[in-house]
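User: Hi! I'm new to reading protein structures. Could you walk me through this one with some questions and answers?

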Amino acid sequence: MNLRPYVYATGFVLVLTAVLLALPTRSAGQVKLAAGSFFVPLFSAEAGLQRARNFAASKTATREELLEQNQRLALTNEVLRIQIQQLRATAEENKVLRIQVAFAATNQWKLRLGQVIGRDPANWWRTLQINLGSRHGVREGLPVLTPDGLVGRVHDVHPNRSRVALIGDPACRLSINVQPSRENGILTADGATVFNHTIVNLQFLPAHTEARAGDPVVTSGLGRLFPRGIPVGKLLSVAPAPGALNSNARVKLAVDSSRLNEVWVILP
Amino acid sequence: MKNFYALGLLVIALLALYLANTLEWPQRITGTRIDPLPALMVCAALRAPVLALTLLAVLGSLWQTSLSADPPGISMIPLFAVGVAVSLNRRAIHTRLWGARFAVAAAAGAMVPLVTVGLLILLGRQPLLGWFSFWQLAVMSLASGLLALLFFPLLQWLDKTVEDQPFAAPYDTTTQIKRSPH
């Protein structure tokens, strides 16, 4: 058997791998962008199919179904309008109080809805892809959430899609606040949480923590990456460590990332 | 015509990677994302020349990592190693036996992610690993074996479609018959 082609090919693959792994982050991102462009026709075709399915579904729905859906939506709309009135009153009160105590006003969120178009093919990362990119105003580091709570942050941005690092991924460690006790901690993930994507570890709580299972966990706003007060989840268990410098806990996330179809990105 | 076969192989790889990236149900049922490339590489290595295997390893790895948080091309070496190992030993593998195809692809399905994770750790990355990773490895291995049963007839059909003759000669083409001058 002629082994020469195998030797040449092995040399080529080894050199190429060494070059690719030695690339700086920016160049590695550009290589990924170029390689990912092969998938653009497939993602576009899927989006077109989705639109066609929605169009067909809207055309084939019966009058009874549409009336029932309309009634349901009208009822939800009524409830939401009442809640908005209540929130508006609270916001006014908040504004007055902020002026009285000379506290800086918070900005309104500028949201953009994105669809989940893919998930990380590797089992050792927690990321997903959305159909919003730099052309839609998305930038690296922007928070991503759903009405239930925080999902993660934008990690890589391409022109028409972005990769979101989910809570628990090594690229998305975040500072949180446990609500009643107002204690801060850092959310991370390790091997113990691989089996369940909705459970993450909470580290660096005070040694004599007052946090209890069931306490709500929200973003602390420290580091200015995530706005303060976004729901993250609830404490599942707390392991106080009186002799140690700090104690750990486990958090059940509010959002099950494996079932996400749509997410909101907070634009700058 | 050889180019058509290599092109067809790459198209199958692209589609398989796209499906693995977008299909939700394998992860919902098993908690594991399935990697189609090791099975495809094993089936390709049983028929295709080293050029097609190199293309599959390079482009397949780059495409896969473009959808992932992995550094670009991290799985290139393990994929290529699987391809070369199978290609060099193709005559020792009973490709007509389903069990043989399954076993080789299952071994490749376990080897590729293991080496990839090893490389990631060597590069200083922190992949999420735990006891559950053993289960994921077992599922990936099993799925790779099953995918090989699907890919093998597909590549056989592709080979027959674009080639008049088998893509790889079933005998050693470097052997020369020298006749005596007498």
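User: How many bridges join strand β3 of chain A to β12(A)?

Analyst: This is a predicted model, so keep that in mind throughout. Strand β3 covers residues 143-146 of chain A, and it runs antiparallel to β12(A). Val144(A) shows how the two line up, since its bridge partner in β12(A) is Val265(A). The number of bridges joining β3 to β12(A) is 2.

User: And β1(A), which residue there stands opposite Trp264(A)?

Analyst: Okay, β12 of chain A takes in residues 262-267, and 6 bridges join β1(A) to it. That pair runs antiparallel too. Opposite Trp264(A) in β12(A) you'll find Leu113(A).

User: In what order do the 6 strands close into a barrel?

Analyst: Let's go round step by step. One pairing on the way is β2 (residues 127-130) with β5 (residues 162-166) of chain A, joined by 4 bridges; there, Thr127(A) sits opposite Ala165(A). The pairing in the barrel is antiparallel. In chain A, the order is β1-β2-β5-β4-β3-β12.

User: How much are neighbouring strands of this sheet turned against each other on average?

Analyst: Going round the barrel β1-β2-β5-β4-β3-β12 of chain A, you compare each strand with its neighbour and ignore direction. The average turn is 45°.

User: Is Arg153(A) buried or exposed?

Analyst: First, find it: Arg153(A) lies in strand β4, residues 149-157 of chain A. Leaving out residues up to four places away in sequence, its contacts include Val144(A), Val164(A), Ala165(A) and Leu225(A). Now count the crowd: 23 other C-beta atoms lie within 10 Å, and the cut-off is 20 or more, so Arg153(A) is buried.

User: How far apart in space are Arg153(A) and Arg173(A)?

Analyst: Along the sequence, Arg153(A) and Arg173(A) are 20 residues apart. In space you go C-alpha to C-alpha, and that gives 9.8 Å.

User: Which element gives the most to the side of domain 1 of chain A that touches domain 3 of chain A?

Analyst: Chain A is split into domain 1 (4-59), domain 2 (61-100) and domain 3 (109-268). The contact involves 5 residues of domain 1 and 4 residues of domain 3. On the domain 1 side, α2 (25-36) and α3 (40-60) of chain A each give two or more residues. The top giver, with 3 residues, is α2(A).

User: Which element gives the most to the side of chain A that touches chain B?

Analyst: Here 40 residues of chain A are in contact with 45 residues of chain B. On the chain A side, α1 (4-22), α2, β1 (110-119) and β2 each supply at least two residues. By class, this side has 25 nonpolar, 10 polar and 5 charged residues. The biggest contribution, 10 residues, comes from α1(A).

User: What span should helix α5 of chain B have?

Analyst: Helix α5 of chain B has 13 residues, 76-88, and you reckon with 1.5 Å a residue. The end C-alpha atoms are 18 Å apart, which agrees with the expected span of 18 Å.

User: How many residues of α5(B) are buried?

Analyst: α5(B) is mostly covered. Among its buried residues are Met76(B), Leu79(B), Phe80(B) and Val84(B). What covers the buried ones includes α1 of chain A, along with α3 (37-45), α4 (50-66) and α6 (98-122) of chain B. Out of 13 residues in α5(B), the buried count is 10.

Terms used
Residues numbered from 1 in each chain as written. Chains lettered and ligands numbered in written order. Predicted model: local features only at pLDDT ≥ 70, side-chain atom pairs only at ≥ 80, totals over all residues. Domains from an automatic or database assignment. Contact = placed C-beta atoms within 7 Å. Pairing = 2+ DSSP bridges. Axes fitted to C-alpha atoms, helices over the stretch in contact; angles between N-to-C directions. Nonpolar A, V, L, I, M, F, W, Y, C, P; charged D, E, K, R; others polar. Expected span 1.5 Å × (residues − 1). Buried ≥ 20, exposed ≤ 12 C-beta atoms within 10 Å, placed from the backbone.
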